[in-house]
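Trainee: Could you take me through the salt bridges in this one, pair by pair? I'd like to know how covered the partners are, too.

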Amino acid sequence: MAKEQFFSPSDSTWACRYRFDLIPRKTEDYLEMLEYHQTDLRSPFTHDRICTIAKPWGRVTLSGNKLVTSRYIGDDKVKKESLEIVGGEEEVVKELEQKMGIRREACLYPGYLARIHYTGPMEPTTDVLFNLHRCHIQTVPFENLSVYGKEKITLSKEWLFDKIVRRHRGGFCYELNTLFSSLLDYIGFKVKKHAASVIRKTGIFGPPFDHLITIVDVEDGLWLSDVGFGDSFWMPLRFTGSPEHQEQPSGIYRVRKDGDCYFYEEKIKIVVDEFGREEMEKDEFFPPSDSSWGSRYRFDLIPRKTEDYLEMLEYHQTDLSSPLTQDRLCTVAKLWGRVTLSGNKLVTSRFIGDNKVKKESLEIVGGEEEVVKELEQKMGIRREACLYPVGSLFHGLCWDTVILIYLNLWSLTVISD
């Protein structure tokens, strides 16, 4: 007999499922409980993924990573077979497709929307694009912890979903904009990938495919979308015939055209110190005509494919001349500004209007444990992902061992030189 705790008071061979009354109700009567079942950890729906469907011969149920097949064999009997799904998210998605008829996109994107705290409509409109972009910027960090921890990055949709959504991580441009563009495509936006070259500290633009951006064609024109550039615009930027100034809570921006190239530029902010003194933010990358604007990157409108970026993805993971291999970096926007961890330095930026920002810097002391605590509390990155993420060269090692490995590799490099 199947295990059952909820017997009918009069007969232990029957189980009570629910009770109800005959009072007519309206849809709005259920809204409070709908919110509860979506958000409250006491709800059975928030504990793990569940999907179940009847078949002519019985039922198939997925609960977490466990697949149960129930076959009805008559005389109120059922034959059950359980299978623990191994192989990660890709195998779970495959079972949902094959057994439940749920398209793989639908398996991924509800969790993605929950990750970025988006609960709005799902139509390809400018308003939806703006809100999705803002939600993403304010929840998913720009970070290089995979590079820092020697975790190999791939650009498959399933791998990116597992890292960014299920493991609650961030990433840099190739990762974030690839996954975000797939979400836009799923909703119905006309979105294409394009290559950009980021300006370096030397004042020289980087190589082609240095940065991945997306261009969205929606309603009244083209929009530059980029959730993978760190300290940047919160909402997409419009293309116009002239470098129109576009003001947002995070700053003032424009897209300037020069020949066949376009330039994303930001108006240099005014930094206010703790004593109220104002100073223009240091920026070496001015466009030729106006020293109050700083160029960030240039791009063209040639559509690209994911595989076009693989060489530069490898470069940014391994080459010591890449800015992403220099030190640990993690930054995320907040409703009031931005928090950035660079090495052991934590910078809090508060936007106070009129293109002004108030910055506070804190040197984190106390070692790696304190850095991890800040990443958890300020960026929402779980501690196991801060030091040695799954897939990393150092996964499963204590931090002292990691430091020892780094020192040994460094000493070997010095000897070989």
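Mentor: Let's fix one word before we start: a residue is buried when its relative accessible area is under 20%, exposed when it is over 50%, and partly exposed in between. Keep in mind that this is a predicted model.

Now to the pairs. The salt-bridge count comes to 22, and I'll pick out a few. Take Glu-266 and Lys-269, whose side chains meet with N to O at 2.3 Å. Glu-266 has 6% relative accessibility, so it falls under the 20% cut-off and counts as buried. Lys-269 is buried as well, at 5%.

Next, look at Glu-278 and Lys-356, a salt bridge with the closest N and O atoms 2.8 Å apart. This one links distant parts of the chain: Glu-278 belongs to strand E16 (residues 278-280) and Lys-356 to strand E21 (residues 356-363), 78 residues apart. Lys-356 comes out at 24% relative accessibility, so it is partly exposed.

Then there's Asp-300 with Arg-304, at 3.3 Å from N to O. Here the two partners land on either side of the 20% line: Asp-300 is buried because its relative accessible area is 19%, while Arg-304, at 23%, is partly exposed.

Salt bridges can also share partners, and that is what joins Glu-143, Glu-151, Asp-162, Arg-167 and Arg-169 into one network. Click through those five residues together and you can follow how the network is put together.

Technical notes
Residues numbered from 1 in each chain as written. Predicted model: local features only at pLDDT ≥ 70, side-chain atom pairs only at ≥ 80, totals over all residues. Heavy atoms only, no water. Salt bridge = Lys/Arg side-chain N within 4 Å of Asp/Glu carboxyl O. Buried < 20%, exposed > 50% of the residue type's maximum accessible area, 1.4 Å probe, protein only. Helix = DSSP H or I, 4+ residues; strand = E, 2+ residues; numbered from the N terminus.
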